[in-house]
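Hi everyone, thanks for coming along. I'd like to walk you through one model today, so please have the viewer open and follow along with me.

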Amino acid sequence: MNASDRIKKRIKDYNNNLSNNLSKFDGVLEINGANFRCNDNIARFIKDGELEELQDEVEEKFQAVLESLVIDTENDHNTHETARRVAKMFINETFGGRYKSMPNITAFPNMGYKSLYTSGPISVRSTCAHHFQNIVGSCWVGIIPSNEVIGLSKFNRIVHHVASRPQIQEEMTTQISELLQEYAKTEHVAVVVKAEHMCMTQRGVKEHESDMTTAIMLGAFNQNSALKKEFYDICFSMNRR
Ligand SMILES: [Zn+2]
């Protein structure tokens, strides 16, 4: 059985034994079971050495794609190693947020700051799940801290980790906001993502001027319109450098 089938079987076995397994995977509690959709992180189901095996599998299959595209990879120096490069890029970089564990995020005690703090623009480089085209843009996050705070660079790490998956922008924004709530241990979280979708600019309608903006306001950001406005004003000022 190859690595991808072994990993899928492990996830299905886990779901089949859910009631016995609920506390087994590093304390991750998934009452509804684990998934391996495009934007799910499956790192905890992958064993040592299997990422390399996955990379070999993807290389072999991408080579077959190039062959079906009638590209002479044997005699063309430009595409000779393309399958290997693409496989490495998918597993380690552009889709690495599926296969690698969440970066370590340490929270510190909050010494009394209970107001808004904002970080951005944070670069967003993702991939649209529908066309496997790039999504390129920026993200701004706002937090009203509770009893703990996380370091400023951790916002970037969370956004970059989530972005490194094939997905749609709406779900990416939701995932970022939920992880921020979890790691910053506060319900008051705001996330704005503004991005250009290459599936809009390079194909289909070929529209070069359109961006997509998604915004999620949780806790006080959702209830307090003055706070929401303050956050947007700060985002806007941070955009102009
Ligand atoms: Zn698309």
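Let me begin with a question: which residues in α1 meet which residues in α3? Please keep in mind throughout that this is a predicted model. On the α1 side we have Ala-3, Ser-4 and Ile-7, and they meet Glu-50, Glu-53, Leu-54 and Glu-57 in α3. Sorted by class, that contact has three nonpolar, one polar and three charged residues. As for the geometry, α1 covers residues 3-16 and α3 covers residues 50-68, and the two pack at an angle of about 125 degrees with their axes 8 Å apart. α1 and α3 are therefore oblique to each other.

Now let's zoom out to the domains. The domain assignment splits the chain into domain 1, 3-99, and domain 2, 107-239. Taken over C-alpha atoms, their centres are 26 Å apart. Eight residues from domain 1 and 11 residues from domain 2 take part in the contact between them. If you look at the side of domain 1 that touches domain 2, α4 (82-94) and α5 (96-99) each supply at least two residues. α5 gives the most there, with three residues. By class, that side of domain 1 has two nonpolar, four polar and two charged residues.

Next, the sheet. In what order do its five strands come? The order is β5-β2-β3-β6-β7, in an open sheet with mixed pairing. β5 and β7 are the edge strands, each pairing on one side only.

Let's go through some of the pairs. β2, residues 117-128, and β3, residues 134-143, run antiparallel and are joined by nine bridges. One place to click is Arg-125, whose bridge partner in β3 is Val-136. These two strands, β2 and β3, make a hairpin with five residues between them. In the turn of that hairpin you'll find Phe-132, which has a positive phi of about 55 degrees.

β2 also pairs with β5, residues 166-167, this time in the parallel sense and over two bridges. There, Cys-128 stands opposite Gln-167 in β5. Towards the other edge, β6 (residues 189-197) and β7 are antiparallel, with six bridges joining them. For a residue to pick out in that pair, try Val-192, which stands opposite Ala-215 in β7.

And what lies across these strands? α6 lies across β2 and β3, and runs at about 20 degrees to β2. α7 lies across β2, β3, β5, β6 and β7, running at about 150 degrees to β6.

Those two helices also meet each other. The axes of α6, residues 152-163, and α7, residues 169-184, come within 10 Å and cross at roughly 140 degrees. α6 and α7 are therefore oblique to each other. The crossing of α6 past α7 is right-handed. From α6, the residues involved are Lys-154, Ile-158, Val-159, Val-162 and Ala-163. They meet Met-172, Gln-175, Ile-176, Leu-179, Leu-180 and Tyr-183 in α7. How does that contact divide by class? Nine of its residues are nonpolar, one is polar and one is charged.

That's the tour from my side. Thanks for listening, and I'm happy to go back to any of these views.

Notes
Residues numbered from 1 in each chain as written. Predicted model: local features only at pLDDT ≥ 70, side-chain atom pairs only at ≥ 80, totals over all residues. Domains from an automatic or database assignment. Contact = placed C-beta atoms within 7 Å. Helix = DSSP H or I, 4+ residues; strand = E, 2+ residues; numbered from the N terminus. Nonpolar A, V, L, I, M, F, W, Y, C, P; charged D, E, K, R; others polar. Axes fitted to C-alpha atoms, helices over the stretch in contact; angles between N-to-C directions. Parallel < 35°, antiparallel > 145°, perpendicular 65-115°, else oblique. Left-handed = near helix turned anticlockwise from the far one by under 90°. Pairing = 2+ DSSP bridges.
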